[in-house]
Amino acid sequence: MKKWTTVVVLILAFSLVVAACGGGSTSEYDLVQDGKILVCSDIPYPPFEFEEGDSYTGFDVELMDAIGDELGLDVEFIDSGFESITAGTAMVGGECDIAASAITIRADREENIDFSDPYFDADQSLMVKADSGITSLADFDGRRLGVQSGTTGEAYAEENKPAGATLVGFAESGQLFLALEAGDIEGILQDLPVNAERLVTDDSLTIVENYPTDEKYGLAVKEEGKEALLEAVNEALATIRDNGTYDDIYDKWFK
């Protein structure tokens, strides 16, 4: 009887030690799900992330897949609001481990989230209907200009628009194109790669101005608890840059 009592006590003690060591963490990276990186992203935002069939694809998606391969982890994307990503609430709330959503690295955002090393350079641009007669941002005096709320495009428009221009904010990038088509707005100011991607399938639109802003995108994690994951992601980024994987992905999406 004493032997059985000892065995039971040892089993219970071992279980408590395992639970204590786990501390809610499912891996060395403190992942929400063991063996998988959950990625928050504002979808659709082609060519960085968008739905194709019953799955997601795009530059950010393939980049994260390559990082996952380097770390030996599966990758799953979760559609999240952009402002909840940049505010850090999506990660703090345990919705995901990291965010990949064409997020420009900015000091104000670093108050809420930590960024990886930069992985993409981008500028802003102005898109209008090709037959609109609009040739510059200065032409928007008395006109409505569409932007995505919480983005660097919105910030650039606020700082540089004519006094008489009206900014109209939208939660998602896709809503901008619908509003332009419907005539609710007369132009879209947002990241150049996204506007340029639209030209591939819609020749009724044109980009009339590019604005060099020297923006750099980074992957984002919450401020505390993801230090090991962020370090590993940076190492994986360096590896796929060195071995040519990054260039292959880039050339596929930005010919």
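Leaving aside its neighbours within four places in sequence, which residues is K226 in contact with? The answer is Y29, D30, L31, V32, D97 and V221. Keep in mind as you explore that this is a predicted model. The tour below starts with K226, moves on to the helix that follows, then visits a sheet and ends at a glycine.

**K226 and its surroundings**
- You can find K226 in the loop between β12 (220-222) and α8 (227-242).
- Is K226 buried or exposed? K226 has a relative accessible area of 4%, and buried means under 20%, so this lysine counts as buried.
- The side chain of K226 also makes a polar contact with the side chain of D97, at 2.8 Å.

**Helix α8**
- How does the span of α8 compare with what its 16 residues should give? At 1.5 Å a residue the helix should span 22 Å, and its end C-alpha atoms are 23 Å apart, which agrees.
- The buried residues of α8 are L229, L230, A232, V233, N234, A236, L237 and I240.
- A handy rule for reading such a list is that an α-helix has 3.6 residues a turn, so residues three or four places apart point the same way.
- Several elements help to cover the buried residues of α8, including β1 (36-41), α2 (59-71), β5 (98-99), β6 (113-115), β12 and α9 (245-253).
- After α8 comes G244, whose phi is positive, near 90 degrees.

**How α2 meets α8**
- Two packed helices are described by the angle between their axes and the distance between the axes.
- For α2 and α8, the angle is about 105 degrees and the axes are 9 Å apart.
- Angles of 65 to 115 degrees count as roughly perpendicular, so α2 is roughly perpendicular to α8.
- On the α2 side, the contact is made by L63, A66, I67, E70 and L71. On the α8 side, A232, V233, A236, L237, T239 and I240 take part.
- Among these α8 residues, A232, V233, A236, L237 and I240 also appear in the list of buried ones.

**The five-stranded sheet**
- Five strands form an open sheet with mixed pairing, in the order β9-β8-β10-β7-β11.
- Why do β9 (166-170) and β11 (205-217) each have one side without a neighbour in the sheet? Both stand at the edges, each with a single partner strand, so one side of each is left free of a neighbour.
- From one strand to the next, the twist averages 20 degrees.
- Strands β8 (residues 144-148) and β10 (residues 187-191) run parallel and are joined by two bridges. Here L145 stands opposite G187 of β10.
- β7 runs antiparallel to β11, with nine bridges joining them. In this pair, K129 has L205 of β11 as its bridge partner.
- β7 is also antiparallel to β10, to which four bridges join it. L126 stands opposite L189 in β10.
- How many of the 10 residues of β7 are buried? Seven are, which leaves this strand mostly covered.
- Helix α5 (residues 152-160) lies across β7 (120-129), β8, β9, β10 and β11, and runs at about 145 degrees to β8.

**A buried glycine**
- G88 sits in the loop between α3 (82-86) and α4 (89-92).
- With a relative accessible area of 1%, G88 is buried.
- Beyond its neighbours within four places in sequence, G88 is in contact with N112 and I113.
- G88 and I113 are 25 residues apart in sequence, while their C-alpha atoms are 5.6 Å apart in space.

How values were computed
Residues are numbered from 1 along each chain as its sequence is written. This is a predicted model: local features need pLDDT of at least 70, side-chain atom pairs count only at pLDDT 80 or more; totals for chains, interfaces and linings use all residues. Side-chain values use heavy atoms; hydrogens and water are left out. Buried means under 20% relative accessible area, exposed over 50%, partly exposed in between (1.4 Å probe, protein chains only). Contact means heavy atoms within 4.5 Å. A polar contact is a pair of N or O atoms within 3.5 Å; within protein, one must be able to donate a hydrogen and the other to accept it, and residues adjacent in sequence count only if both atoms are side-chain atoms. The expected span of a helix is 1.5 Å times one less than its number of residues. Two strands pair if DSSP finds at least two bridges between them. Axes are lines fitted to C-alpha atoms, for helices over the stretch in contact, and angles run from 0 to 180 degrees between N-to-C directions. Angles under 35 degrees count as roughly parallel, over 145 as roughly antiparallel, 65 to 115 as roughly perpendicular and the rest as oblique.
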